[in-house]
Amino acid sequence: MANARKLRILVAKPGLDGHDRGARVVARAFRDAGFEVVYTGCHQTPEQIVSTAIQEDVDLIGLSILSGAHRYSFPRVIELLKENNAEDISVIGGGIFPMEDIPRLKEAGIKEIFEPGAKLGEIIEWVGTNISPRMDADESGSARVSG
Amino acid sequence: MGKQVLSESALDRVEKEHAEWLEEYRKALKKVPERLSRFSTVSDLEIKPLYTPLDIENKDFFDNVGFPGKYPYTRGVQSTMYRARHWTMRMFAGLGNADDTNERFHYLINHGETGLSTAFDFPTLMGYDTASPLARGECGKCGVAIDTLEDMGRLFADINLEEVTTSMTINPPASVMWAMYIANAEKEGYSRKKLGGTIQNDCLKEFIAQKTLMLPPEPSLRLVTDTVEFGTREVPRWNTISISGYHIREAGSTAVQELAFTIYDGITYVEEAVKRGLKVDEFAGRLSFFWNSHIDFFEEIAKMRASRRLWARLMKERFGAQDPRSMLMRFHTQTAGCSLTSQEPYNNVVRTTMEALAAVLGGTQSLHTNSLDEVYMIPSEQAALIALRTQQIIAEESGVTNVIDPLGGAYFIEALTDKMEEEAVAYIRKLDELGGMVAAIERDYPQMEIADAAFHFQQQIDAGEKTVIGVNKYASERPDLEFVLKIDDEIERQQIERTERFKEKRDKAGFQKAMDELRRRCEGPPCWENNVMPALVDAVRAGATEQECCDLYRDVFGTYRDPGTF
């Protein structure tokens, strides 16, 4: 396809925890799988994450958290995407979650949750199957014009 | 060593019979081949099928092994080890607010724990009060929320601070929390000269691995040196730094990387304190270390034995230490959080037992055993009790504490200990060439070495080359543990209100004066007259919150952001 471009993924670490082993391993695996990857580094607020996602014109945000603060930060990212008319950017999550939180996060709009033990190949396959480049995303990856 | 234990002719015989055995071994493998194409440790260090005196033939017994309590301390830092006293059973605890954690401290003490260890929540670890917008959703989740001197008082209520030693896992804000601890202890009538404990205070490994980031490296080192200087003069029983490999390992390093980077961080702290004008033998005896005990049993024991020998040699040869206490690698150990699995979590008790046993055979001075539910959350009371009991069973039932360094002299253990030291020395040379740890961190060198190792390990797991039971072999669904701890989201609001009330009560003029003095010292050149610690003790007494002190640091010294490389 002439218009096919690489998926652009933002790997992001919301909250104050520094457990970045998983985020960095997954970021590297995404890059090796041929996706374009931006990684925020640790200690990002939901506001910073959404702003980076829009600026970098990504198709997917992968949130990684191990602090237990996901009940606040995950839904907040979804909410901010809506406020910025960017709800077509999909969001997935990885990390440690109490079992009862997982359906709640999915209801809030998180497309998939990957728990410890998920294989890199599984995550890549899920992304390849479920996420495609957004229609209005510029091929060059430049930021969309905003009001 | 082979030559010191066996005669030349006996060694010749070993060599001959070893060759014969190897031939037999190869023949047998033609019928039933080896289970794996390559045998290696969890760090992927290749392991031979058999070790003999030939593997330690050229090593000197006295230089390399020797006796416990004697240089180079391979066999232990004390002459008596666990024959006289067990290690300190120090369970890392912190949950919710100060009252919740105080209750847990008393519970653990009442069940036989012998030292305290405080886990702070992420806002506290990062130098923010609970009220900070950056702290939303985090209060009390991964540890206890401490904003003020009053919180510190409630945290240690009804605990004798001259009898128990307290470890506080806190890094960039370590000086502030230590000031609160001292101010609270003095308020309770204890003498700072008699306080014993540890602040982690290891800023370098934050850049390398744990990522509790606040200030750039240079001012971070200045604050660490201030605490070393203050401890040396004012709080002589306190370990001012716990130089930590634990987090480096959790971030995915190999055992050798953990050993080498941590020891090099130690070298850097010693150099900084010497630059400040302290003599090595004045302060080095209060430096302590912190190792991870991962799942590969022998690798961990060898790492711990090598760490003692390497540190003793460095202190003597590189820094000219003369007091034996300056050469002692005294260390705390925590079993490896990253080895636990959320699948079939009860198996974590078995993993933790193996890892704790390795720490004991490695000669640890204190130990935290992870709880089986720590893979989900900070531990519940039930799970913490099993973890504490694990240590007590090892100490008092298993018999392993009857003898000092029981694995000393085993060909494999000695050869692996030598290998660990050799490879760590190669990293130390490389770091010297790079111009030291700060320069190496700025070049992302240790960070990327660890990232490479972490990625390699994950690939081995995914390919089934390394086994994790319940995850990539005998795979199993995650059951719901009935006792996973839940932290009420409501405590965030209560904590914010409590700190607000505390701030309203303080004397504004006294507070301002104390903060002005703290600023003056931070802005001045590093020296005893500008040491932040006395000013911090005054500031927290005058009602300064943790964040107010840390904001002042951020204002004077600037901030550091994670570069986000992968």
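**Exercise 1. Work out in which order the strands of the open sheet in chain A are arranged, and whether the pairing is parallel or antiparallel.**

Solution. Keep in mind as you go that this is a predicted model.

Step 1: Count the strands. Chain A has an open sheet built from 5 of them.

Step 2: Read across the sheet. You get E2-E1-E3-E4-E5, with parallel pairing.

Step 3: Look for the edges. Strand E2 (36-39) and strand E5 (112-114) of chain A each pair on one side only, so they are the edge strands.

Step 4: Check the twist. From one strand to the next, it averages 20°.

**Exercise 2. Find how many bridges join strand E1 to strand E3 of chain A.**

Solution. Step 1: Locate the two strands of chain A: E1 covers residues 8-12 and E3 covers residues 60-65.

Step 2: Go through the bridges between them. There are 4, and the two strands run parallel.

Step 3: Pick out a facing pair. A:Ala12 in chain A sits opposite A:Leu63, which belongs to E3(A).

**Exercise 3. Say which strands of chain A are touched by helix H1, and which by helix H3.**

Solution. Step 1: Take H1 of chain A, residues 21-32. This helix packs on the sheet and touches E1, E2 and E3 of chain A. Its direction makes about 160° with that of E2(A).

Step 2: Now take H3 of chain A, residues 70-83. H3 packs on the sheet too, touching E3, strand E4 (90-95) and E5 of chain A. The angle between the directions of H3 and E3(A) is about 165°.

**Exercise 4. Describe the contact between chain A and chain B: how many residues does each chain give, and how much area is buried?**

Solution. Step 1: Count residues. Chain A brings 41 to the contact and chain B brings 45.

Step 2: Turn to area. The two chains bury about 3,500 Å² between them, and 54% of it is on carbon and sulfur atoms.

Step 3: See who supplies it. A:Leu16, A:Arg21 and A:Arg28 account for 23% of the area that chain A buries against chain B, more than any other three residues.

**Exercise 5. Find the salt bridges and polar contacts between chain A and chain B, then sort chain A's side by element and class.**

Solution. Step 1: Tally the salt bridges across this interface: 4 turn up. One salt bridge links the side chains of A:Arg71 and B:Asp489, at 3.4 Å from N to O.

Step 2: Count the polar contacts. Between chain A and chain B, 12 residue pairs qualify, both residues being at pLDDT 80 or more.

Step 3: Sort by element. H1, E2, H3 and helix H5 (120-130) of chain A each give two or more residues to the side that touches chain B. The largest share, 8 residues, comes from H1(A).

Step 4: Sort by class. That side of chain A has 18 nonpolar, 12 polar and 11 charged residues.

Definitions and conventions
Residues numbered from 1 in each chain as written. Chains lettered and ligands numbered in written order. Predicted model: local features only at pLDDT ≥ 70, side-chain atom pairs only at ≥ 80, totals over all residues. Heavy atoms only, no water. Axes fitted to C-alpha atoms, helices over the stretch in contact; angles between N-to-C directions. Contact = heavy atoms within 4.5 Å. Buried area = accessible area lost by both parts, 1.4 Å probe. Polar contact = N/O pair within 3.5 Å; in protein donor to acceptor, adjacent residues only side chain to side chain. Nonpolar A, V, L, I, M, F, W, Y, C, P; charged D, E, K, R; others polar.
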